[in-house]
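Thanks for asking me to look this one over. I have put my notes into numbered points, so you can follow along with the viewer open.

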Amino acid sequence: MPWDLYERYGDDRLLREQFPVMKKFVDYLGTRARGHLVDYALGDWLEAGSGGPANRTPVEITSTMAYYHCARIVSKTAGLMGDRATAEKYLTLSDSIRSALNQKYFDRAHHRYAADSQSASAMALVLGLAPNEERPAVLAELARNIREDRTNHVSTGIVGTRFLFEALHAGGRDDLAYAILTQPDFPGWVNMLNHGATTAWESWEGGSSRNHPALTVVDAWLYEAIGGVTPEPGAIAFEQVTIAPQVLGNLAWARASHDTLRGPIESRWTKDKKRFTLKVVVPVGTRADVVVPSREGPQHHECGSGSYTFTSLLK
């Protein structure tokens, strides 16, 4: 959380205050690890059809990936504070965790970490654990699982759902994310609505809490893919963003705005049979790569602060 807040707001005070606790937690995980692998906690809780602990994604995979992620954050935080020795120590630790996980679980023949686990593949892609040369194949196998094994349905739980949509968006497969989101039956969000839900359920089955925020992580994808507003990786406090709305399904318009520390970022688009119109607002101190879909292909526009209108022909 302190690192996420730093990335969103550019204020490192909480990072500096909490750094000793962050480091202590990673050190504690090290005491629970065996060969750099951690095998405790709840794992991908309420994975679709499990009713509780994950039944397709081993706990050792999700917990070890979390261990890796935390070690990387400690390394980056130490580097931000000028503590190069500590930064190198935890970077080396994270590399060892990654190697141990891939050695035990990565199946190079099938380009996955566990059979029928969307969560494991998505987390590996988003967190950077998948071998670099295997990343396209891991994404392709994840897409195959979604289309063929799961008939365009989600199978992730409370941990993995966020990473599934992040992996698909980063991998240019928003079409699959949209297909998952709009499925009318179990498991899915429309299924909740069809059963009278007015808030998100904790589990896909609806057998536990019916007012639970975990599965609302899909909201972030709506902003980033449909609205198109995505912070650039490594950019602090929205200093650099991409605005690239995805025109999916039968959607005819969308509007998204986000109040950043620098001011609001806005994206509004409409389309008819032939024409696409996009209006954006970029605050002072932010630069945006605005990507407009067109029949000739994506059109890129580098924009500083201001209000802009772009039009293109789709057919």
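The points below go through the sheets, then a surface patch, a polar contact and the salt bridges.

1. A word on the source before anything else: this is a predicted model, and the points below should be read with that in mind.

2. Let me start with the mixed sheet. It is open and has four strands in the order β1-β2-β6-β7, with mixed pairing. The edge positions belong to β1 and β7, each of which pairs on one side only. On average, neighbouring strands in this sheet are turned by 20° against each other, direction ignored.

3. Where does the mixed character come from? Going through the pairs of strands answers this. Strand β1 (residues 229–231) is joined to β2 by three bridges and the two run antiparallel, with Thr230 having Thr242 as its bridge partner in β2. Strand β2 (residues 240–243) and β6, by contrast, run parallel and are joined by four bridges. Along that parallel pair, Gln240 stands opposite Arg287 and Thr242 stands opposite Asp289. Thr242 is therefore a handy residue to click on, since it is the bridge partner of Thr230 in β2 and also faces Asp289 in β6, by the DSSP pairing used here.

4. Strand β6 (residues 287–292) deserves its own point. Five of its six residues are buried, so the strand is mostly covered, where buried means under 20% relative accessible area. On its other pairing, β6 meets strand β7 (residues 299–303) in the antiparallel sense over five bridges, and Ala288 stands opposite Cys303 there. The hairpin of β6 and β7 has six residues between the strands, and Gly297 takes a positive phi near 115° in it.

5. The second sheet is also open, with four strands in the order β3-β4-β5-β8 and antiparallel pairing. At its edges stand β3 (253–260) and β8 (306–313); each has a single partner strand, so one side of each is left without a neighbour in the sheet. Neighbouring strands here are turned by 10° against each other on average, direction ignored. Strand β3 runs antiparallel to β4 (residues 263–271), and eight bridges join the two. Thr260 has Gly263 as its bridge partner in β4.

6. As background for both sheets, strands pair through backbone hydrogen bonds, either parallel or antiparallel. In a regular strand, the side chains alternate between the two faces of the sheet.

7. On the surface, Met1, Leu5, Tyr9, Leu14 and Leu261 make a nonpolar patch of about 520 Å². Leu14 belongs to helix α2 (residues 13–32) and is partly exposed, its relative accessible area being 32%.

8. Here is a polar contact to look at. In helix α3 (residues 59–80) you will find Ser63, which is buried at a relative accessible area of 10%. A polar atom of the Ser63 side chain lies 2.6 Å from the backbone oxygen of Tyr40.

9. How many salt bridges does a search of the whole structure find? It finds 14. One of them pairs Arg108 with Glu134, with the closest N and O atoms 3.5 Å apart. Arg108 sits in the loop between α4 (84–105) and α5 (118–127), and Glu134 in the loop between α5 and α6 (135–149), so this pair ties together parts that are 26 residues apart in sequence. Arg108 is partly exposed at 45% relative accessibility, whereas Glu134 is buried at 11%.

10. Arg112 and Glu141 also form a salt bridge, at 3.6 Å from N to O. This pair links distant parts of the chain, 29 residues apart: Arg112 is in the loop between α4 and α5, and Glu141 is in helix α6. Both residues, Arg112 and Glu141, are buried.

11. The last pair is a local one to check. Glu166 and Arg162 form a salt bridge whose closest N and O atoms are 2.7 Å apart. They are four residues apart in helix α7 (residues 160–170), which means a separation of about one helical turn. Glu166 is partly exposed at 30% relative accessibility, and Arg162 is partly exposed at 37%. Elsewhere, salt bridges that share partners join Arg112, Glu141, Arg144, Glu148 and Asp149 into one network.

Conventions: Residues are numbered from 1 along each chain as its sequence is written. This is a predicted model: local features need pLDDT of at least 70, side-chain atom pairs count only at pLDDT 80 or more; totals for chains, interfaces and linings use all residues. Side-chain values use heavy atoms; hydrogens and water are left out. Axes are lines fitted to C-alpha atoms, for helices over the stretch in contact, and angles run from 0 to 180 degrees between N-to-C directions. Buried means under 20% relative accessible area, exposed over 50%, partly exposed in between (1.4 Å probe, protein chains only). Patches are made of residues with over 30% relative accessible area and no salt bridge: like charges are joined within 9 Å, nonpolar side chains (Val, Leu, Ile, Met, Phe, Trp, Tyr) within 5 Å. Accessible areas come from the Shrake-Rupley method with a 1.4 Å probe; for residues, only the protein chains shown count as cover. A salt bridge is a side-chain nitrogen of Lys or Arg within 4 Å of a carboxyl oxygen of Asp or Glu. A polar contact is a pair of N or O atoms within 3.5 Å; within protein, one must be able to donate a hydrogen and the other to accept it, and residues adjacent in sequence count only if both atoms are side-chain atoms.
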